[in-house]
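Reader: I am new to this structure. Could you show it to me and explain the words people use for its parts?

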Amino acid sequence: MDLTAIIVLIVIVVLVLVLARMSIRIVRQYEQGVLFRLGRVVGVRMPGLRFIIPVIDRLHLVSLRIVTMPIQSQGIITQDNVSVDISAVAYYRVVDAVKSVVAIENVSAAINQIAQTTLRKVVGRHSLDQTLSETQRINSDIREILDALTLEWGVEVTLVELKDIQLPDGMKRAMAKQAEAEREKRAKIIAAEGESIAATALGQASDTMMAHPLALQLRNLQSLVEIAVDNNSTVVFPAPLMSTIGELSAFLSRENQAAQAAQAASTQASPVKAA
């Protein structure tokens, strides 16, 4: 075999290897391949080893995994004219490989832009209090709007979450004062309710003691015992006890006067009998 034949054989082998390399494609498990033949879509290729016609066919691989897309922070004016900076994050995945390639040029860029405009529009319809307290509702509204738009592109938005809400410094101070005033109001209400309950209990206790005077005296004696525990040199007599002592003195005084009157009457009666 001469040199020319060897060279031709080598060229043929190289061409065969190159064509074989160009005709073999591997589609991964999380991908689908959109096959174009002479510029027209002829089908979708599932995961595995796939063969195409070199030069004529072109296999475009599309990932079906969920993509995490951050939505950059942007200034938004709420319904009550408060400027806030809100950032979010969106999760989407391709559900139709052909539409994601044919219907739109760049899926990621398109979803990023439409997510920013949708976030601004939805938050602008809510007040600041609603934005802070109804984040779940806002997330649901944004997702519904995005789904209605992106399904035509073969993309499904699985989740949208507000990530960070930055308020102006003046608004932060005002909200801190409002929260502090709210807590003070609750504290005063709780204290007033406690005083009301205590007053009711004391009223019931006083009614019981009025019905049972001995209970009041026992309570007074218990108070004296509690005072004497600390080895105090001062003895405090409660006012009810003092009034009781005064009543007892008056009673003894009346008894003495009655005894003296009886004795005087008996003395006057004795001379009369003697006469």
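Author: Here are some questions and answers about the terms and the values behind them.

This is a predicted model, in which local features need pLDDT of at least 70, side-chain atom pairs count only at pLDDT 80 or more, and totals for chains, interfaces and linings use all residues. Residues are numbered from 1 along each chain as its sequence is written, and side-chain values use heavy atoms, with hydrogens and water left out.

Reader: How many helices and strands are in the chain, and what makes a stretch count as one?

Author: The chain has eight helices and eight strands. Both are DSSP runs numbered from the N terminus: a helix is H or I with at least four residues, a strand is E with at least two.

Reader: What makes β6, β7 and β8 an open sheet, and which strands stand at its edges?

Author: The order is β6-β7-β8, with antiparallel pairing. β6 (67–77) and β8 (155–166) each have a single partner strand, so one side of each is left without a neighbour in the sheet. The twist averages 25° from one strand to the next.

Reader: How do you know that β6 and β7 pair?

Author: Two strands pair if DSSP finds at least two bridges between them. Nine bridges join β6 to β7 (residues 83–94), so the pair meets that definition. Within it, G75 stands opposite D85 in β7.

Reader: Which strands form the other open sheet, and in what order?

Author: That one runs β3-β2-β5, again with antiparallel pairing. Its edges are β3 (40–45) and β5 (57–63). Strand β2 (residues 31–37) pairs with β3 over five bridges, and G33 stands opposite R45 in β3.

Reader: Where does helix α3 lie?

Author: Helix α3 (residues 107–124) lies across β6, β7 and β8, at about 35° to β6. For such angles, axes are lines fitted to C-alpha atoms, for helices over the stretch in contact, and angles run from 0 to 180 degrees between N-to-C directions.

Reader: How do you know what span to expect for α3?

Author: The expected span is 1.5 Å times one less than the number of residues. The 18 residues of α3 should therefore span 26 Å, and its end C-alpha atoms are 26 Å apart, which agrees. Likewise, the 16 residues of α5 should span 22 Å, and the ends are 22 Å apart.

Reader: What caps the N-terminal end of α3?

Author: N106 does: a side-chain oxygen lies 3.3 Å from the backbone nitrogen of S108.

Reader: Why is T150 called buried?

Author: Buried means under 20% relative accessible area, exposed over 50%, and partly exposed in between (1.4 Å probe, protein chains only). T150 has 0% relative accessibility, so T150 counts as buried. This residue is in helix α5, where I138, N139, D141, I142, L146 and D147 are also among the buried residues.

Reader: Which residues is T150 in contact with, leaving aside its neighbours within four places in sequence?

Author: T150 is in contact with I111, V155 and V157, where contact means heavy atoms within 4.5 Å. I111 is one of the buried residues of α3. What covers the buried residues of α5 includes α3, α4 and β8.

Reader: What do the buried residues of α3 pack against?

Author: They pack against β6, β7, α2 (97–102), α4 (128–133), α5 (135–150) and β8.

Reader: And how much of the chain is buried?

Author: Buried residues make up 21% of the 275 residues in the chain.

How values were computed:
Polar contact = N/O pair within 3.5 Å; in protein donor to acceptor, adjacent residues only side chain to side chain.
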